[in-house]
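Got the viewer open? Let's take a short walk past some charged side chains, one selection at a time.

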Amino acid sequence: MKRLVKVSSVLIVAFLLSACRPTPTVSEPVVLADFDALAAGWNAIEPGGETICSDGSPYKFFVRPGDPEKFMFYLEGGGACWAGGNCDPDIRPSHQVNLSRTDPNRAHGVFAFDQPANPFADYTVVMAPYCSGDVHLGDIEQQYQIPAFDEHVGHDLTVHHRGSTNANAALDWTYSHLFAPKTVFVTGSSAGSIPSPFYAVKLAEQYQQAKVIQLGDASGGYRGFADFSPFDAWDTDSVVADLEYVADIAAEDFSFHHLYIAAAQANPQITLASFDTVEDSVQKQFLALGGTPAEFLQPLLNANLAEISQAVPDFRYFVAGGDMHTILLRPEMYTYKADTVRFLDWLRSLANGETVANARCANCSVAELAD
């Protein structure tokens, strides 16, 4: 009888102890994104606030929901301006002054989501359109004097160079709706290519768990400035002030390729890369417009790539033949190659976080096309 009581007492104690323990909770699924308000395909977001296009019209950006663990931030191109003559929309502006013609549905390349070969077909994409004339790196309202000539009446011109305000509005929306991507691909074409290393640093700060990869599309030949300074025209130095490498460069010595070196020093974990054609016709036009005409782009491009590569050993570039400007929103993304390397294969490997080699055209006088 004593043994039975002893066993019963043990059972009772065990029951009481188990009753005191907290009930195990069932773990809830991790929420990776909040896309409830979005439709399939492209959605236009009007952030309001201080966002504005150069001509005073409203700004908007576009979001396409996809896999919340794979994210692309794309900065649109569209020229630049820094003086009354090339900013005035009534003359011949050298930039996109508003978003009346911006429609990502018309784009190809990385935005051809129905293409089976597209490495980004299932990505969540935020596109930051461009209408500020300041390569997404301005934060100033400029007053330009437009002189009278022929039948054109002289007048004052206000230009809103608020590219960083606009791009940051797209980033703020991203941060509040996309929570834990594993891959972040930061890119842009032409004027959007130039600031992509800077915005890669910002995204890497936000998504520290992600692999961040950057690719600049068609801005590698700009080397120095003759007739203007981005610091004076757009207040760019205040925008990129957190990049110590750039902060230490005098205005007269700053060049856009320095953003690559600055980004690598700010965050060595970011993968940095670029694409250019060897004689990009549009880059040569803007070099001439800025007071640095160049009969051949290749020497300037080579000098920039060499300087970046020396400072950033893991930097990678793809240099194709011919003079086409930009590739990422073109059908040519699927056909171009450099020597034996298809750009599409190189891009896919880059986006997948694989190590890629530099690629350079064999016959640089013409575009090389894959079979």
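Select K182: with a relative accessible area of 53%, this lysine is exposed (buried is under 20%, exposed over 50%, partly exposed in between, with a 1.4 Å probe and protein chains only). This is a predicted model, where local features need pLDDT of at least 70, side-chain atom pairs count only at pLDDT 80 or more, and totals for chains, interfaces and linings use all residues. Residues are numbered from 1 along each chain as its sequence is written, and side-chain values use heavy atoms, leaving out hydrogens and water.

Now add E69, whose side chain meets that of K182 in a salt bridge, 3.8 Å from N to O (the rule: a side-chain nitrogen of Lys or Arg within 4 Å of a carboxyl oxygen of Asp or Glu). The two sit 113 residues apart: E69 is in strand 3 (residues 67-75), K182 in the loop between helix 3 (163-177) and strand 7 (183-189). Helices (H or I, at least four residues) and strands (E, at least two) are DSSP runs, numbered from the N terminus. E69 is partly exposed, at 24%.

How many salt bridges are there by this rule? The count comes to 8.

Next stop, D103 and R106: their closest N and O atoms are 3.8 Å apart in another salt bridge. R106 is exposed at 60% relative accessibility, while D103 is partly exposed at 29%.

Then pick R342, D345 and R348, which salt bridges link into a network. Within it, D345 and R342 pair up at 3.4 Å, N to O. D345 is partly exposed at 35%, and R342 is partly exposed at 28%.
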